[in-house]
Amino acid sequence: MSQQVDRTGERTLAVVTKVDKAPEGLLEKVTMDDVHIGLGYVCVRNRVGEETYDQARIEEERLFKNHPLLSKIDKSMVSIPVLAQRLMQIQATIIAKCLPNIVKQINDRLIRSSAELDQMPPDLNNVGDAVRMFFHIVKQVCTSLQKILVQGEFGDYPDDHYFHGTARIAEMLQRYAKKLPAQCPRRSNEPFLMEEMHVLEETKGINLPNFLPRSAFHVMLKNKVATVDQMPQDLISEVWEYIEDLVIKIMLRHSENFPQVQSSCRRAIQSLMEKARARSAQHVKELIEMELVADYTANPDYMRTWDAVMEGQKKFMEAIKKNSKPTRITLEGFGEVDVSHLRLHADSAEQAFDLSARLTAYWKSIVLRLVDGLALHVLHGVKRLVENDLEEELADELLGNNMAGVERMLSPPPSTGTKRDRLKKSIVLLQQSKGVVANIMDRISAADEI
């Protein structure tokens with residue numbers, strides 16, 4: 001039967017009962033071990049009738065001492081006391097094998113509980129302790145944001161790309177730059193240069209006919225800038241929305257031990273972001289307005305582009321004035337255009353071309369300023385937020401009104417106190433368990449040596 005659970009017999013101990021009833025051949029059976037009993041044999045005499053335990057042991061000892069056959073069996077293989085000792089040894093061996101794993105589990109649990117207790121908020125006894133803890137949290141938040149939004153370090157969040165702040169903001173700027181038209185925008189449903197000719201018609205005055213009215217350029221410039229003036233606003237809205245969410249997540253992470261002040265911190269951050277959005281909106285407004293103040297650039301690329309476009313003016317005028325020339329031509333800066341409708345306006349077509357050439361060359365400078373100026377503004381705004389504004393706004397919110405905000409830190413939620421007590425009790429119990437197991441292992445070691 002034992003082979004069903006112990007095929008090799010290594011874990012089997014055979015107990016021979018009622019040896020006084022059938023002693024013949026027992027010596028040979030327990031010494032030959034034909035069935036391979038790994039833990040050996042123990043022969044015992046059962047109690048008879050109303051015998052007490054002590055009476056039974058006396059009779060058993062007399063039996064194995066005086067019986068002509070049973071007395072020949074080795075004394076280490078007979079009697080209830082020997083069986084009890086063997087069972088104790090087997091049990092001790094099994095326990096000794098399990099104890100190292102038990103000790104490891106206790107140590108692991110003790111380390112986890114101690115680490116969890118260490119991570120819990122310290123007991124704050126007065127307002128001074130609360131203020132120090134508040135500035136410690138603010139320092140942690142600002143340090144994290146400095147890494148994420150300014151330095152481009154994301155070691156704290158290697159796998160969460162949302163927290164790779166500089167990369168995400170750079171992507172927003174790249175998308176914004178791609179949305180801005182690289183070429184001067186034109187009305188898709190209007191023939192080539194007709195917009196310019198309408199503007200020239202409405203801005204003409206009593207002056208020399210070969211002078212390009214500057215007001216015409218300003219009107220055209222205003223129309224072109226109006227087609228993109230919403231794009232910078234969209235960018236700053238996207239950037240500050242992302243930064244607000246990121247700052248709140250970082251703040252909540254570092255203040256998780258003090259949930260009673262998180263709502264105040266959130267209000268401070270939201271207020272700060274409204275101010276940042278207002279500054280950026282004003283900057284964008286001024287950026288657009290500056291483009292409309294004057295037509296100026298120090299960019300040498302303007303003259304190079306204008307010269308390249310004006311080289312096609314001769315080809316353009318020939319296509320208009322000479323009916324033998326094809327009406328679809330390819331011009332630098334404009335691509336393939338149809339000029340057939342301009343043959344009826346040959347007298348003003350040359351000025352319209354000149355006006356469009358200036359706009360085409362100047363547009364590159366406008367786009368460059370809209371991209372570079374806004375990118376630098378965003379970077380400056382983020383740096384200002386991390387290094388100055390965030391700490392000031394949080395301090396105003398929590399330290400103002402007679403320290404009302406930080407005083408709430410002195411009253412931790414009931415769950416925190418309950419968790420702290422549970423961890424302390426668990427640590428004490430684990431330490432006691434560790435000591436008990438160590439004593440058991442020492443006793444087992446001492447017994448083995450004996």
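Q: What area does the chain expose, and what share of it do carbon and sulfur atoms supply?
A: In this predicted model, the chain exposes about 26,600 Å². Carbon and sulfur atoms supply 54% of that area.

Q: What makes the chain unlike a compact globule of 450 residues?
A: A compact globule of 450 residues would have a radius of gyration near 22 Å, whereas the chain has 46 Å. The C-alpha atoms fill a box of roughly 150 × 70 × 35 Å along the principal axes.

Q: How many helices and strands does the chain have?
A: There are 13 helices and four strands. Three of the helices you can look up are H10 (residues 301-310), H12 (residues 346-407) and H13 (residues 414-449).

Q: Why is Ser356 called buried?
A: The word buried applies under 20% relative accessible area. Ser356 has 0% relative accessibility, so Ser356 counts as buried. You will find Ser356 in helix H12. Leaving aside neighbours within four places in sequence, Ser356 is in contact with Arg186, Leu193, Glu196 and Phe334.

Q: Is His377 buried or exposed, and how do you know?
A: His377 has a relative accessible area of 16%. That value falls under the 20% cut-off, so His377 is buried. His377 also belongs to helix H12. Not counting residues up to four places away in sequence, His377 touches Arg279, Ser280 and His283.

Q: Why is Ile440 called partly exposed?
A: Partly exposed is the term between the 20% limit for buried and the 50% limit for exposed. Ile440 has a relative accessible area of 31%, so Ile440 is partly exposed. Ile440 sits in helix H13. Together with Ile95 and Val436, Ile440 forms a nonpolar patch on the surface, with about 210 Å² of accessible area for the three together.

Q: Which residues of helix H10 are buried?
A: Tyr302, Thr305, Trp306, Val309 and Met310 are the buried residues in H10. They cover an arc of only 130° around the axis, and therefore they lie on the same side of H10. These buried residues pack against helix H11 (313-321) and H12.

Q: What percentage of the chain do buried residues make up?
A: Of the 450 residues in the chain, 38% are buried.

Q: Among contacts between residues at least 6 apart in sequence, what share joins residues at least 24 apart?
A: For the chain, that share is 76%. A contact here means heavy atoms within 4.5 Å.

Terms used:
Residues numbered from 1 in each chain as written. Predicted model: local features only at pLDDT ≥ 70, side-chain atom pairs only at ≥ 80, totals over all residues. Heavy atoms only, no water. Helix = DSSP H or I, 4+ residues; strand = E, 2+ residues; numbered from the N terminus. Buried < 20%, exposed > 50% of the residue type's maximum accessible area, 1.4 Å probe, protein only. Arc of directions from axis to C-beta. Patch = residues over 30% accessible without salt bridge, like charges linked within 9 Å, V, L, I, M, F, W, Y side chains within 5 Å. Areas by Shrake-Rupley, 256 points an atom, 1.4 Å probe, with all protein chains shown as cover. Salt bridge = Lys/Arg side-chain N within 4 Å of Asp/Glu carboxyl O. Rg over C-alpha atoms; globule rule 2.2 N^0.38 Å.
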